[in-house]
Amino acid sequence: MSEPIRVVVTGAAGQIAYSLLYMIAKGDVFGPNQQLILHLLDIPPMMGVLEGVVMELADCALPLLAGVVPTADPAVGFKDVSAAFLVGAMPRKQGMERKDLLSANVKIFKVQGEALNNHAKKNVKVLVVGNPANTNALVCSHYAPSIPKENFTAMTRLDQNRAQAQIAARLAVGISKVKNVIIWGNHSSTQYPDAKNATVEVDGTKKSVVEAIANNDYLNGEFVETVQKRGAAVINARKMSSAMSAAKAASDHMRDWFAGTKDGEFVSMGVVSDGSYGTAKDVVFSFPVQIQNGQWKIVQGLSVDEFARGKLDLTGKELLEEKEEAMAVCAAD
């Protein structure tokens, strides 16, 4: 067993964390031999609920869980952490304008960014799950200047998992047979789920998804729309937002960041854009990435057709608008 690492989960009394904490504590993320100390951060009114979560973690009797630190104090929550799952955010309420949502979240992610800057390990890996995740990640990084920008990422893995599941179902193959589906851009309804660079194994033969599905109208229409609107469909059915699937995606994202991707395979992560594929620089944009030794690298040279180009431009425009609004709030602070 290795020395325990410290891992913080914010919004720790919430729905997503309820599934996520178990996945982390039983070894799904950092491996079967990595002990850890979980820091559970939430707001003061949630401390009673958090107490119940702490009891449940104890009752799971998990061998890798070396300690639990429940707190409402960001200084305690982020102290010496190697990994941060920023799940807690202000949800969009009915009638709320996007700028109001951004403004509320800037306040939250300013506090968390400063706490990371002052208390976390300098090589901490930060995953923002709370929406609007891409811009929240950008704001968080802005307030943590001593931590490298590439250590701040936003979760689009849920969208990737959704897209992969749609293709697998369409072709009636196992989920593991579909590789390299991409999510471009923002984790919002402007995201572009792209299966045109993906591959699938059908009856022992590997081929492109385009060839296997042989229906461009589906790939440009129903497929894209289903993935874009999946979150809303879950809310409609469950009367609550995605929790179990979001927790699994957060677990997948951080596992691959720590363990690396397999040869020839890539995953989607919201990362600070360097302008690859003609995207706007210095926004957190979802790209296909490959990961080695804890470092991600944007996959280059993939084909982007005219349809995809339009989608990338649209989602990039939204991210620039969000950035402008968020940075205006930061400047006025």
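These exercises with worked solutions walk through parts of one predicted model.

**Exercise 1. Check the length of helix α12.**

Task: Compare the expected span of α12 with the distance between its end C-alpha atoms.

Solution.
- Step 1. Find the helix. α12 covers residues 306–332, which makes 27 residues.
- Step 2. Work out the expected span. The rule is 1.5 Å times one less than the number of residues. For α12 this gives 39 Å.
- Step 3. Compare. The end C-alpha atoms of α12 are 39 Å apart, which agrees with the expected span.
- Step 4. Look at the N-terminal end. D305 caps α12 there. A side-chain oxygen of D305 lies 3.2 Å from the backbone nitrogen of F307.

**Exercise 2. Find the covered side of α12.**

Task: List the buried residues of α12, then name the elements they pack against.

Solution.
- Step 1. Set the cut-off. Buried means under 20% relative accessible area.
- Step 2. Apply the cut-off. In α12 the buried residues are A308, L312, T315, G316, E318, L319, E322, A326 and C330.
- Step 3. Recall the helix rule. An α-helix has 3.6 residues a turn, so residues three or four places apart point the same way. Keep this in mind when reading the list.
- Step 4. Name the partners. Two helices take part: α4 (98–119) and α5 (133–142). The strands β8 (182–184), β9 (192–194) and β13 (284–292) also pack against the buried residues of α12.

**Exercise 3. Look for disulfides.**

Task: How many disulfides does the whole structure hold, and why does C330 not form one?

Solution.
- Step 1. Search the whole structure. The search finds zero disulfides.
- Step 2. Take C330. Its relative accessibility is 9%, so C330 counts as buried.
- Step 3. Check the distance. The closest cysteine sulfur to that of C330 belongs to C140 and is 11 Å away. A disulfide needs the two sulfur atoms within 2.5 Å. The gap is therefore too far for a bond.
- Step 4. Turn to another cysteine. C60 has a relative accessible area of 35%, so C60 is partly exposed.

**Exercise 4. Trace the partners of strand β1.**

Task: Which strands pair with β1, and in which sense, parallel or antiparallel?

Solution.
- Step 1. Start with β2. β1 (residues 2–10) and β2 (residues 34–41) are joined by seven bridges and pair in the parallel sense. One bridge links T10 to L41 in β2.
- Step 2. Go on to β4. β4 (residues 83–86) also pairs with β1 in the parallel sense, over three bridges. Here V8 has A84 as its bridge partner.
- Step 3. Add the helix. β1, α1 (residues 15–25) and β2 form a β-α-β unit, and this unit is right-handed.
- Step 4. Visit the loop between β1 and α1. G14 lies in it. With 28% relative accessibility, G14 counts as partly exposed.

**Exercise 5. Order an open sheet.**

Task: Give the strand order of the open sheet of three strands, and explain why its edge strands each have a free side.

Solution.
- Step 1. Write the order. It is β7-β10-β11, with antiparallel pairing.
- Step 2. Find the edges. β7 (178–179) and β11 (205–208) stand there. Each has a single partner strand, so one side of each has no neighbour in the sheet.
- Step 3. Count the bridges between β7 and β10 (residues 199–202). There are two.
- Step 4. Name a facing pair. K179 stands opposite T199 in β10.

**Exercise 6. Study helix α6 and its contacts.**

Task: Is α6 mostly covered or mostly uncovered, and which residues make side-chain polar contacts with D159 and R162?

Solution.
- Step 1. Count the buried residues. Twelve of the 15 residues in α6 are buried, so α6 is mostly covered. Among them are L158, D159 and R162.
- Step 2. Take D159. Its side chain makes a polar contact of 2.6 Å with the side chain of H187. H187 lies in the loop between β8 and β9. H187 is also in contact with N131, N134, M155 and T156.
- Step 3. Take R162. Its side chain and that of S242 make a polar contact of 2.9 Å. S242 sits in the loop between α10 (230–238) and α11 (244–259). At 10% relative accessibility, S242 counts as buried. S242 also touches other residues, including I16, L158 and V234.
- Step 4. Step past the helix. Just after α6, A172 takes a positive phi of about 55°.

Definitions and conventions:
Residues numbered from 1 in each chain as written. Predicted model: local features only at pLDDT ≥ 70, side-chain atom pairs only at ≥ 80, totals over all residues. Heavy atoms only, no water. Helix = DSSP H or I, 4+ residues; strand = E, 2+ residues; numbered from the N terminus. Buried < 20%, exposed > 50% of the residue type's maximum accessible area, 1.4 Å probe, protein only. Contact = heavy atoms within 4.5 Å. Polar contact = N/O pair within 3.5 Å; in protein donor to acceptor, adjacent residues only side chain to side chain. Pairing = 2+ DSSP bridges. Right-handed = clockwise from strand over helix to strand, strands pointing away.
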